[in-house]
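This dialogue is meant for a reader who is meeting the structure for the first time. Please look at the sequence and the model before reading on.

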Amino acid sequence: MSRSLHIGISARAMSHPHGGVKEYVTAIIRELVGQRSHHRFSIYYADPKLLGSNPEAEEISLSASHKLVWDHWALPRRLARDAPDVVWFPQNVSSCGLSLPTVVSVMDMLYFQVPEFQKREYAWLDTLYMRTCIPPSLRRARAIMTISDWTAKDITRLLKIPPQKLKTIHLAPSTHFKPLPEDQCLAVRAKYGLSQPFFFYAGTLSPRKNIQVLLEAFSQIQHDVPHDLVLTGRPGFLEIPLEALVTKYGITGRVKRLGIVPTNDLVALYNAADAFVFPSLYEGFGLPPLEAFACGCPVISSNATSLAEVVGDAALTFEPHDVHGVARHLRVIATNTKVRGQLVEAGFTRVKQFSYLRASRELLTLLESAVP
């Protein structure tokens, strides 16, 4: 587009303490405003400590007592004053009553009833908010960015949004995720007392992540391999009864729960693991397998929802309830160095197809198309 636009960005998600949404919004904004395009960007933060994160743009901090007040009072008042040509909302909803053109990004449709996972994934107030605000936000939007074809299909199926209004733009792993020198990996292993080879899981410890299948599969091979099973991540809204399951499957002492770890340690754990295992039942995208690919870690992944789209043929895959299939893959990784090496190379090749530079360029084109 030859015309110079003023593009507004709602960046409240950058205030999240951690998680994939914060990571994606932070990374894509950095690439978007750093493209040296002829457009002008205004970024609206909910936390004044974020000022200076993107000095190429105009940065504005808005205070509010609650995220609903920020989304639907503080932000739209400032947007009405600044009058950008288009506003990007990166996380599911736009401000009510906003008359400006909008592009809304959707992470997943887990706030609604989906057949793959029928429990409630989020707190009931969050669920009520999103169920109330997502449909009108998407109907008002000039264009909708989805992070996977699977999410696009869910939006069309659940909300009857025309497919031509949707554009899939894949996410990517942060540049933090890369191969590391062996001494860094050894230092992190020593820090967490990981003396044995190990299989690795990173992510929320919620029922949706299907950790029970991984624990049961690991119990089937525990006497055949020297490996431990290492889990990182925070509890979900509903937490799995991890300790009870470990006891049930007789794997006490072989499962190490590390909780939330710093990013640098997480990268080292991906590097040090013999395999990363991701048995999730439902993902809007699924960043962890790509993070593992980028670190040279073989991946064993369920083929549920968007995950087949993300991992392609670069991982060992399984139906999400196939315990024996997971156990078979774990055994192969533990005993077959040739297969492990092939998966490492396949992962490096696969992850090159995903980048935030590409995603930001596709998003910029979508934003331009939304301006009348």
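The turns below go from the whole chain to two loop residues.

Q: What kind of model is this, and how many helices and strands does the chain have?
A: The model is predicted. Its chain holds 13 helices and 13 strands.

Q: How is the radius of gyration of the chain to be read?
A: The value is set against that of a compact globule with an equal number of residues. For 372 residues a radius near 21 Å would be expected, and the chain has 21 Å, which agrees. Along the principal axes, the C-alpha trace extends over about 65 × 40 × 35 Å.

Q: What percentage of the residues count as buried?
A: A residue is called buried when its relative accessible area is under 20%. In this chain 58% of the 372 residues count as buried. The accessible surface comes to about 15,800 Å², and carbon and sulfur atoms account for 53% of that surface.

Q: Which percentage of the contacts between residues at least 6 apart in sequence join residues at least 24 apart?
A: The share is 68% in this chain.

Q: How far apart are the mean positions of the positive and negative charges?
A: The chain has 40 positive and 33 negative charges, and their mean positions are 4 Å apart.

Q: Where does Asn210 lie, and is Asn210 buried or exposed?
A: Asn210 belongs to the loop between strand 8 (198-202) and helix 6 (211-221). Its phi is near 65 degrees, a positive value in a residue other than glycine. Asn210 counts as buried because its relative accessibility is 8%.

Q: What is phi of Thr305, and where is Thr305 placed?
A: Thr305, also a residue other than glycine, has a positive phi near 45 degrees. The loop between strand 12 (299-302) and helix 10 (307-311) contains Thr305. With 9% relative accessibility, Thr305 counts as buried.

Terms used. Residues are numbered from 1 along each chain as its sequence is written. This is a predicted model: local features need pLDDT of at least 70, side-chain atom pairs count only at pLDDT 80 or more; totals for chains, interfaces and linings use all residues. Side-chain values use heavy atoms; hydrogens and water are left out. Helices (H or I, at least four residues) and strands (E, at least two) are DSSP runs, numbered from the N terminus. The radius of gyration is taken over C-alpha atoms; the globule rule is 2.2 Å times the number of residues to the power 0.38. Buried means under 20% relative accessible area, exposed over 50%, partly exposed in between (1.4 Å probe, protein chains only). Contact means heavy atoms within 4.5 Å. Accessible areas come from the Shrake-Rupley method with a 1.4 Å probe; for residues, only the protein chains shown count as cover. Lys and Arg count as positive and Asp and Glu as negative; His and the chain ends are not counted. The place of a charge is taken as NZ of Lys, CZ of Arg, CG of Asp or CD of Glu.
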